[in-house]
Amino acid sequence: MGNVILIGFMGCGKTTVGLRLSYRLRKAVMDTDKEIEKEEKRSISDIFAADGEAYFRDRETECLRKLIVTAGNQIISVGGGLPMREVNRELLHQLGRVVYLRAKAETIYERLKHDTTRPLLQGENPQDKIRTLMAQREENYAKAADVIVDVDGKDFEQIISEIEKQL
Ligand code: S3P
C-alpha cells in the first residue's frame, strides 16, 4: 500500500490516529513536526518565536522532500498548515495516499483550549482564530486529500476502521 499520510487541522487527532493505524497496518509511524523539532533541537514554539513562521514552512517542505527519498511504507502525520503550500500538496501526492481527518471548529476548540504548544493559537481569541484559519484552509485540505474522514463524535476505533475501508 505504500505510505499513508494524515492531514488536517491542529487537534484533529493526526498523531493518535497515526499511532493506532501504525499498529493496525504494521507500518512505522513518523510525524513531520517531531522530525523538524529533532533536527532543529528545539520546539515548534521556539522555532516560530526565534525565526518566524516562514522559516518553519520552509523546513516543512524540506522535510517532505527528504521523505520522498527515504519513506516507503510508513504512516506519516504532518503539521496542520503543511498542505497550504501548493508544492507541498504535490509532494504529498508523490509520497502516498493522503487521508484528511476533518473536524468541526467546535471540536478543535474543545480539544485545544488549554493547549500551549500551538503558537498560532496563543492569541486573544483562539476560538475566532480556529474558525478563520479553518475557513481559509478547508479547500486546500480537500484538494490534497485522496480520502476524507469526518472525526466529530467518533472514537478512534471508528475512525481507524473508516480509514481502512476507504484506503
Ligand atoms: C500548525 C500546526 C502544528 C504545527 C505548527 C503549525 C498549523 O501541527 O505544525 O504549530 O499551522 O496548523 P499540528 O497540526 O500537529 O498541531
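Start with the charged side chains: the mean positions of the 27 positive and 28 negative charges of the chain are 3 Å apart. Lys and Arg count as positive, Asp and Glu as negative, with His and the chain ends not counted. Each charge is placed at NZ of Lys, CZ of Arg, CG of Asp or CD of Glu.

This is a predicted model, in which local features need pLDDT of at least 70, side-chain atom pairs count only at pLDDT 80 or more, and totals for chains, interfaces and linings use all residues. Residues are numbered from 1 along each chain as its sequence is written, and side-chain values use heavy atoms, with hydrogens and water left out.

**Whole chain**

Switch to cartoon. You should find seven helices and five strands. From the N terminus, the order reads β-α-β-α-α-β-α-β-α-α-β-α. The radius of gyration is 15 Å, close to the 15 Å of the globule rule for 167 residues, so the chain is as compact as a globular protein of that length. That radius is taken over C-alpha atoms, and the rule is 2.2 Å times the number of residues to the power 0.38. Helices (H or I, at least four residues) and strands (E, at least two) are DSSP runs, numbered from the N terminus.

Fit a box along the principal axes: the C-alpha atoms fill roughly 40 × 35 × 25 Å. Now show the surface. The chain exposes about 8500 Å², and carbon and sulfur atoms supply 48% of it. Areas come from the Shrake-Rupley method with a 1.4 Å probe; for residues, only the protein chains shown count as cover. Of the 167 residues, 46% are buried. Buried means under 20% relative accessible area, exposed over 50%, partly exposed in between (1.4 Å probe, protein chains only).

Turn on contacts (heavy atoms within 4.5 Å). Among those between residues at least 6 apart in sequence, 75% join residues at least 24 apart.

**Select Glu 35**

Glu 35 is in helix 2 (residues 32-40). Its relative accessibility is 24%, so Glu 35 counts as partly exposed. Beyond its neighbours within four places in sequence, Glu 35 touches Met 30 and Cys 63. Add Arg 59, 24 residues along the chain: its C-alpha is 9.9 Å from that of Glu 35.

**Select Arg 26, then Lys 41**

Most residues other than glycine have a negative phi. Arg 26, not a glycine, has a positive phi of about 55°. Find Arg 26 in the loop between helix 1 (14-25) and strand 2 (28-31). Arg 26 is exposed, at 75% relative accessibility.

Lys 41 also has a positive phi, near 55°. Look in the loop between helix 2 and helix 3 (44-70). Lys 41 is exposed, at 74% relative accessible area.
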